[in-house]
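Please look at the sequence and the 3D structure below, and keep both in view while you read the explanation.

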Amino acid sequence: MNNSTENALGKVPEITLLFWIIKIAATTLGETGGDAVSMSMNLGYLLSTAIFSAVFLVAVFAQIKAKAFHPSLYWTTIIATTTVGTTLADFADRSLGIGYAGGSALLLALLLGSLFTWHRTLGSVSVNTVNSPKAEMFYWVTIMFSQTLGTALGDWIADTAGLGYLGAAVVFGSFLALAVAAYWWTPISRTLLFWAAFILTRPLGAVVGDFLDKPLSAGGLALSRYSASVALLAFILVSILLFKQRAARSAH
């Protein structure tokens, strides 16, 4: 590969069906893994958030320092954002007592603020422009907020709205299907649709994760959080190893 080709590639993956499959699995893992540490290990939301935040910061630092796209490093960072998103949302919603609606509103404001600042600073929030340390910082902060918002939204629809985990999964799955349809059959901005789909996959994964590990009395399957997390991690690892992912083309 020549230098001009290398320079034309970013450090985030090409957006394909495989990307979305792994993303949903990673967000589901974030829910089961976050709950395993905060609840099953009884570490609480605050300490768990501190632990996962440290992992997130290390992963982002390694991702930014990397010279090229590395699937294992990228998805490690995604998983770090979704686990810290789980415990941070639970801490805001439950420990701070602001509730799911308040937590969702706060996190939506933070997410929109991140996207607005990113766009004002660099002129675009497209993943194809993630080709500099500053753009990568905006990218990962935005992702972390979106993952946290997704957890709060999932809990809000499943619990407060009374739809249950399967009902909430149908709601978010339907919205995701609409985003896909809009991608294929409308001229709506691809960047807007990407972030809409990215945000929607998080509450979908959150409610699926809750469905797997919550008690039968709460509408879940009462599976072990540890075994569910291991199974999801194994699926992600196999997907990364068996199917080659290419780096997205970088816009200059």
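The paragraphs below go from the whole chain to its core, its rings and one helix residue.

This is a predicted model, in which local features need pLDDT of at least 70 and side-chain atom pairs count only at pLDDT 80 or more, whereas totals for chains, interfaces and linings use all residues. Residues are numbered from 1 along each chain as its sequence is written, and side-chain values use heavy atoms, with hydrogens and water left out.

The protein chain has 9 helices and 2 strands, where helices (H or I, at least four residues) and strands (E, at least two) are DSSP runs numbered from the N terminus. Along the sequence they follow the pattern α-β-α-α-α-α-α-α-α-α-β. Of the 252 residues, 49% are buried, a word that means under 20% relative accessible area, while exposed means over 50% and partly exposed lies in between (1.4 Å probe, protein chains only).

In the interior, the largest nonpolar core holds 56 residues, and those that touch the most other members are Tyr74, Ile78, Trp118, Tyr139, Trp195, Phe198 and Ile236. Such a core is a set of buried Ala, Val, Leu, Ile, Met, Phe, Trp, Tyr and Cys residues joined through side-chain atoms within 4.5 Å.

The structure also holds 17 aromatic pairs; rings of Phe, Tyr and Trp (its six-membered ring) pair if their centres lie within 6.5 Å, and planes under 30 degrees apart count as stacked, over 60 as edge-to-face and the rest as tilted. Phe19 and Trp20 form an edge-to-face pair, with 5.0 Å centre to centre and 85 degrees between the planes, and both of these residues are buried. Tyr74 and Trp140 form a tilted pair, at 5.4 Å centre to centre with 50 degrees between the planes. Because Tyr74 lies in helix H4 (residues 71-95) and Trp140 in helix H6, this pair ties together parts that are 66 residues apart in sequence. Tyr74 is buried, with a relative accessible area of 0%, and Trp140 is buried as well, with 1%. Ring pairs link a cluster whose members include Phe19, Trp20, Tyr74, Trp140 and Phe198.

Helix H6 (residues 133-160) is also the place of Thr151. Is Thr151 buried or exposed? Thr151 is buried, with a relative accessible area of 0%. Leaving aside its neighbours within four places in sequence, Thr151 is in contact (heavy atoms within 4.5 Å) with several residues, among them Glu31, Thr86, Asp90 and Arg202.
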